[in-house]
Amino acid sequence: MRRSILGPSLAVATLALALTGCGTKSDTGSGSVSPSSSPTPSKSRSACTAKETLAATDTNGTFCLTTGTTVRILLDGTTTRPWAPVKTVGTGLKATNSGILIRPGDASNAYEAVSAGTVKLTSSRPLCATAPHKISCKGIQEWSVTVVVSKP
């Protein structure tokens with residue numbers, strides 16, 4: 001009986017065709033060769049979003065302010081899942097009166113942009129509600145944003 005090598009050869013050829021171009025350099029038509037991978041986003045000011053009020057959904061974001069403006073932090077919590085007070089690390093913001101009455105478990109802060117700089121704001125709260133004689137967990141929900149302050 002004669003063995004056919006068409007099956008394995010066809011599979012290798014198909015794989016080679018499928019991989020052609022992966023990780024190689026492509027011609028841009030300008031006479032130069034450039035990598036085919038997409039460019040990495042830069043950490044420039046264009047990556048910032050201007051926003052006056054930050055909430056729990058804004059976690060891991062980078063936001064831009066100009067000096068003289070105010071940003072408010074409104075983290076809605078509960079008595080069984082309270083937010084810890086917001087901590088700041090960096091320069092450029094000064095705490096100011098938020099002017100808002102908060103409920104137990106909420107974290108509400110306001111900061112005025114006073115000088116150019118970068119500030120990281122963080123808080124956390126229990127992932128699960130805690131109650132006596134009930135099942136609970138030790139998980140923590142973390143919240144963190146970066147605020148970049150620049151002069152107008």
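A residue counts as exposed when its relative accessible area is over 50%. Keep that cut-off at hand as we walk through this predicted model, beginning with one asparagine and then moving into the strands that follow.

Our starting point is N60, in the loop that links β4 (53-54) to β5 (62-66). Its relative accessible area is 67%, so N60 is exposed. The backbone here also deserves a look: N60 is not a glycine, yet its phi is positive, at about 70 degrees. For context, most residues other than glycine have a negative phi.

Follow the chain out of that loop and you arrive at β5 (62-66). Which strand does β5 join through five bridges? The partner is β11, covering residues 140-150, and the two run parallel. To find this pairing on your screen, pick F63 and look across to V147 in β11, its bridge partner.

From β11 we can step to another neighbour. Strand β10 (residues 117-126) pairs with β11 in the antiparallel sense, over ten bridges. Two places help you trace the register: S123 stands opposite W143 of β11, while K120 faces T146 of β11.

Now, what joins β10 in turn? Strand β7, residues 87-90, runs antiparallel to β10, and four bridges connect the two. Here K87 has T122 in β10 as its bridge partner.

Put together, the path is easy to retrace: β5 lies parallel to β11, β11 is antiparallel to β10, and β10 is antiparallel to β7. The exposed N60 sits in the loop just ahead of this walk, between β4 and β5.

Technical notes:
Residues are numbered from 1 along each chain as its sequence is written. This is a predicted model: local features need pLDDT of at least 70, side-chain atom pairs count only at pLDDT 80 or more; totals for chains, interfaces and linings use all residues. Side-chain values use heavy atoms; hydrogens and water are left out. Buried means under 20% relative accessible area, exposed over 50%, partly exposed in between (1.4 Å probe, protein chains only). Two strands pair if DSSP finds at least two bridges between them.
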